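The following exercises are to be worked through with the sequence and the structure at hand. Each task is followed by a solution in steps.

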Amino acid sequence: MLVNKPPMGWNTWNTFGHEISDALVRESTDAFVEQGLKDAGYQYVVIDDCWSKKVRDPETDRLVAEPAKFPEGMKAVADYVHGKGLKFGMYSCAGQRTCGDYPGSFDHEFLDAETFASWGVDFLKYDFCYKPVGVDGQLLYRRMGMALRASGRDILFSACNWGSDDVWSWIRSTGAHMYRSTGDIFDNPESYRKIALSQLHKLGTSAPQCFNDVDMLTVGMYGKGLVGTTGCNDADYRSQFALWCMYSAPLMLGCDIRRMNAQTRALVTNRDLIRIDQDAEARPPIATFHPWNEKLMTLFKHLDDGSYALGFFNLGEEDAETFATFSDFGLPAAAGYDLALESVFDGERLVSREYLRLNVPAHDCRVYIARLQKR
Ligand code: GLA
């Protein structure tokens, strides 16, 4: 299975937790299309934890969808999602129980992969709770990687061991297509900033076929739902979304997509930001920090058509003036080129020589597509 671009979709967990149902997934699938997410490139509708009965079928040992939540079973949900031209994702866990205390796939990997394949599943998120003590976590991801390949269906393998055991150094070898690299996100500014900063120096191994997953987005949650906490403002959501795009991270939405407001819809379907995220080369950005204000970060990323993405992030609580010196990116003054910039948010254009100095409000960002311009 080829996963050349960071996967894009929506996942039930951030907003709904265990309060999931056939109706919710079908309504969200409708909204996925009506809100323009499909047209913008999103593909996967993913049901996270808490979808199954509390015990396996005593006769077949298989996982069974909880009939009170999914009365027609999972194949019917998969068929509905496929009927809208989308792909269907589900969740299991490498340990004996899932994080929400439902049966996990430990020692049932091949049987479960076969069950998922028979339902028409296209994506499996694979969590890490209740791993038996003394069992090697890496081995469990190898097992599910093999089980999915043996299942006879192309199933994207989304590993989720929260960055344990230096996951970046071995995960690609298991066949996984993306890997969670951090603990869970919460909908507050400290959470997305901490996650983003923690991966800045670990992006070198994130690449086509196996992407660093900095967790599902909280964009558009405004404090509502399971991981809601204090919520974020629109400036934070701009920054969070732009950071994920500068990282070429998977874009898995976590808000209630049936009720996105206009700002959220515009942000998550922003063509330039998605183009940056989905760039064919998926190169990590070059990061620089303001010399005396460490909250001001600049990211510069090579894009495959010869242009660049340039983002200025204010991760602090005060509005501030920041700057970037282009020689830090490999463009010294003597090179004879300026940078022609176009804002991804409002189309503002400017040309800058050697450096750029600009104001960025607290929590906010400025992001440009940049092109070399001969003097
Ligand atoms: C873990 C994962 C989350 C979510 C929950 C479900 O915490 O990291 O993303 O899947 O389990 O219980």
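**Exercise 1.** Identify the residues that Tyr42 touches, leaving out residues up to four places away in sequence, and place Tyr42 within the nonpolar interior of this predicted model.

*Solution.* Step 1: the residues touched by Tyr42 are Met8, Gly9, Phe32, Leu37, Leu86, Phe241, Leu251, Leu253, Val268 and Ile274. Step 2: the largest nonpolar core comprises 92 residues, and Tyr42 is among those with the most contacts inside it, together with Trp51, Met74, Phe241, Trp244, Ile276 and Phe313. Step 3: helix H8 (residues 234-246) supplies the largest share of this core, namely 7 residues. Step 4: another core lies apart from it; this one has 15 residues, including Phe329, Leu331, Leu339 and Leu341.

**Exercise 2.** Decide whether Thr288 is buried or exposed, and describe its surroundings.

*Solution.* Step 1: Thr288 is located in strand E9 (residues 286-289). Step 2: the relative accessible area of Thr288 is 17%. The limit for a buried residue is under 20%, and Thr288 is therefore classed as buried. Step 3: apart from neighbours within four places in sequence, Thr288 contacts Leu296, Met297, Thr298, Asp328 and Phe329. Step 4: Thr288 and Phe329 are 41 residues apart along the chain, and their C-alpha atoms are separated by 9.0 Å.

**Exercise 3.** State which residues of helix H7 are buried and what covers them.

*Solution.* Step 1: in H7 (residues 189-199), the buried residues are Pro189, Ser191, Tyr192, Arg193, Ile195, Ala196 and Gln199. Step 2: an α-helix has 3.6 residues a turn, so residues three or four places apart point the same way. Step 3: the cover over the buried residues of H7 includes strand E7 (211-213) and H8. Step 4: at the start of H7, a side-chain oxygen of Asn188 comes within 3.3 Å of the backbone nitrogen of Glu190.

**Exercise 4.** Describe the shell of residues around the ligand, its polar contacts and how much of the ligand the protein covers.

*Solution.* Step 1: 13 residues surround the ligand, of which Asp48, Asp49, Lys125, Asp127 and Asp184 come nearest. Step 2: sorted by class, the shell holds 6 nonpolar, 1 polar and 6 charged residues. Step 3: polar side-chain atoms approach oxygen atoms of the ligand, at 2.8 Å for Lys125 and at 2.5 Å for Asp184. For Trp162, a side-chain N or O atom is 3.0 Å from a ligand oxygen. Step 4: on its own the ligand has 310 Å² of accessible area, and the protein covers 93% of that area.

Terms used:
Residues numbered from 1 in each chain as written. Predicted model: local features only at pLDDT ≥ 70, side-chain atom pairs only at ≥ 80, totals over all residues. Heavy atoms only, no water. Near = heavy atom within 4 Å. Polar contact = N/O pair within 3.5 Å; in protein donor to acceptor, adjacent residues only side chain to side chain. Areas by Shrake-Rupley, 256 points an atom, 1.4 Å probe, with all protein chains shown as cover. Nonpolar A, V, L, I, M, F, W, Y, C, P; charged D, E, K, R; others polar. Core = buried A, V, L, I, M, F, W, Y, C linked by side-chain atoms within 4.5 Å. Buried < 20%, exposed > 50% of the residue type's maximum accessible area, 1.4 Å probe, protein only. Helix = DSSP H or I, 4+ residues; strand = E, 2+ residues; numbered from the N terminus. Contact = heavy atoms within 4.5 Å.
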